[in-house]
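Student: Could we go through this model by question and answer, beginning with the sheets?

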Amino acid sequence: MAKDFSDYRPSTQAAQALGWVEPATGGITPAIYPSTTYERPPVQGRPKYLYSRDDNPTYEQAEQLLATLERGAAALLFSSGMAASAALIQALSSGDHVIFPEVVYWGVRRIAKDIASGWGIACDFVPNGDLDALAQAVRPGQTKLVWLETPSNPNMGVADIDASAAIAHRAGAMLVVDSTFASPVLTRPIEFGADIVMHSGTKYLNGHSDVIAGALVAKEANQFWNKVMAVRQFGGAVLGPFEAWLMLRGMRTLFLRVKAQSESALALARHFEHHPAVLEVLYPGLPSHLDHAIACRQMSGGFGGMVSMRIKGGEEAALRVWGACKLIKVATSLGGVESLIEHRASIEGADSPVPKDLMRLSVGIEDVNDLIADLEQALRAA
Ligand SMILES: Cc1ncc(COP(=O)(O)O)c(C=O)c1O
């Protein structure tokens with residue numbers, strides 16, 4: 001970080017990538033360091049950089065910016081959001097217990113249900129937002145992680161980080177928050193008591209649908225964090241310098257993008273909330289949303305670019321709307337500058353808790369009137 005850059009506001013820190021100037025040339029765009037290995041002075045002791053499976057200056061720039069934006073002590077980039085999630089589970093020991101919300105990114109559900117049990121890690125699921133169920137489910141001394149995802153994918157539930165952290169900490173567990181949908185622009189979970197923040201960097205952090213990436217941010221670089229670092233180093237799920245550079249470039253426009261996407265998403269949610277073809281709009285910025293009060297407390301500067309809609313007429317009608325979109329791309333993923341729409345239940349499989357009439361929309365930075373017109377014509381056509 002450039003000297004005194006810590007005094008600036010987060011959007012300034014992001015826009016100038018912490019004020020780095022490339023030391024060799026004075027370039028204001030950070031350099032990419034592709035080297036996998038580094039000259040070792042023939043003396044005892046470890047040089048700062050040794051091998052790029054451990055560390056690379058290009059990873060560090062993006063990591064430092066993300067740790068600063070999330071108010072964390074340290075960050076680590078991974079080769080995907082799933083690699084970052086799996087690293088947390090891999091850093092546990094056989095016999096440990098983890099609690100997940102029932103509606104959680106389906107890949108995380110697959111790790112919990114299909115993989116963690118093979119490692120002797122017990123996993124339980126509790127209804128999203130049910131603090132009593134969470135308090136009942138924690139096993140003091142055995143529960144090591146309580147996992148939240150907020151807003152949740154794709155039901156848009158907003159979890160109370162503060163209250164969940166209190167329950168986790170009383171049981172001796174750490175609170176992990178998947179903050180992919182919110183990004184550090186809207187919510188900084190560490191400020192509400194989270195111990196670890198997880199991101200699919202593929203989404204808002206990168207923002208251009210051209211990098212698969214993941215990240216973890218730690219409130220404290222403690223013993224567990226050292227284990228997570230070892231999992232990345234020896235498991236090898238590093239991001240690579242080209243992708244890390246693209247992610248850093250994306251993060252420089254993060255604040256502009258997320259603010260614009262949040263404004264458009266709110267306008268779109270308001271427009272379709274009482275639409276005759278729409279059963280329900282799920283968006284935490286609407287006062288009708290079940291978790292609106294928590295969202296107002298925990299999210300600042302907007303409620304995000306993700307909107308889910310339940311379509312009247314069930315799954316068949318939802319699939320027809322999906323197919324009738326012309327401008328909004330029918331594709332998975334989210335958080336890019338282009339708007340995407342997806343029918344989640346059809347890809348999540350039989351144990352998906354997602355309603356079959358739900359369409360998930362990732363709002364891009366196009367003119368919101370064009371997006372509304374496209375959805376209007378798709379609802380009419382369906
Ligand atoms: C909320 C959430 N968490 C985690 C992931 C996994 O991230 P990745 O696809 O980068 O592995 C996703 C992907 O869509 C997601 O939406």
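Tutor: Two strands pair if DSSP finds at least two bridges between them. Helices (H or I, at least four residues) and strands (E, at least two) are DSSP runs, numbered from the N terminus. This is a predicted model, in which local features need pLDDT of at least 70 and side-chain atom pairs count only at pLDDT 80 or more, while totals for chains, interfaces and linings use all residues. Residues are numbered from 1 along each chain as its sequence is written, and side-chain values use heavy atoms, with hydrogens and water left out.

Student: What is the strand order of the open sheet of seven strands?

Tutor: The pairing in this sheet is mixed. Strands of a sheet pair through backbone hydrogen bonds, either parallel or antiparallel. The order is β1-β7-β6-β5-β4-β2-β3.

Student: Why is one side of β1 and of β3 left without a neighbour in the sheet?

Tutor: β1 (74-78) and β3 (122-126) stand at the edges. From one strand to the next, the twist averages 20 degrees. One side of each edge strand is free because β1 and β3 each have a single partner strand.

Student: Which residue is the bridge partner of D178 in β6?

Tutor: Strand β5 (residues 174-178) and β6 run parallel and are joined by three bridges. In β6, D178 has as its bridge partner M198.

Student: At what angle does helix α2 run to β1?

Tutor: Contact means heavy atoms within 4.5 Å. Axes are lines fitted to C-alpha atoms, for helices over the stretch in contact, and angles run from 0 to 180 degrees between N-to-C directions. Helix α2 (residues 57-69) lies across β1, β6 and β7 (214-218). Its angle to β1 is about 130 degrees.

Student: Which strands does helix α4 touch?

Tutor: Helix α4 (residues 106-115) packs on the sheet, and its direction makes about 135 degrees with that of β3. The strands touched are β2 (97-101), β3 and β4 (143-149).

Student: Which strands are the edge strands of the open sheet of five?

Tutor: The five strands are in the order β8-β9-β12-β11-β10, with mixed pairing. An edge strand here pairs on one side only. The edges are β8 (278-282) and β10 (329-330).

Student: Which residue of β12 does V307 stand opposite?

Tutor: Strand β9 (residues 306-311) pairs with strand β12 (residues 358-362) in the antiparallel sense, over five bridges. Opposite V307 in β12 stands L361.

Student: How many of the residues in the shell around the ligand are charged?

Tutor: A residue is near the ligand if one of its heavy atoms lies within 4 Å of it. Of the 14 residues around the ligand, G81, M82, D178, S200 and T202 come nearest. Ala, Val, Leu, Ile, Met, Phe, Trp, Tyr, Cys and Pro count as nonpolar, Asp, Glu, Lys and Arg as charged, and the others, Gly among them, as polar. The shell has five nonpolar residues and six polar ones, and the charged ones number three.

Student: How much of the ligand's exposed area does the protein bury?

Tutor: Ligand oxygen atoms lie 2.9 Å from a backbone N or O atom of G81, 2.8 Å from a polar backbone atom of M82 and 2.9 Å from a polar side-chain atom of N153; a polar contact is a pair of N or O atoms within 3.5 Å. Accessible areas come from the Shrake-Rupley method with a 1.4 Å probe. Taken alone, the ligand exposes 390 Å², and the protein buries 92%.

Student: What is omega for the cis peptide bond from N153 to P154?

Tutor: Most residues other than glycine have a negative phi, and most peptide bonds are trans. T150 and P151 are joined by a cis peptide bond with omega of about -15 degrees. P154 lies in the loop between β4 and α6. For the bond from N153 to P154, omega is near 5 degrees.

Key:
A polar contact is a pair of N or O atoms within 3.5 Å; within protein, one must be able to donate a hydrogen and the other to accept it, and residues adjacent in sequence count only if both atoms are side-chain atoms.
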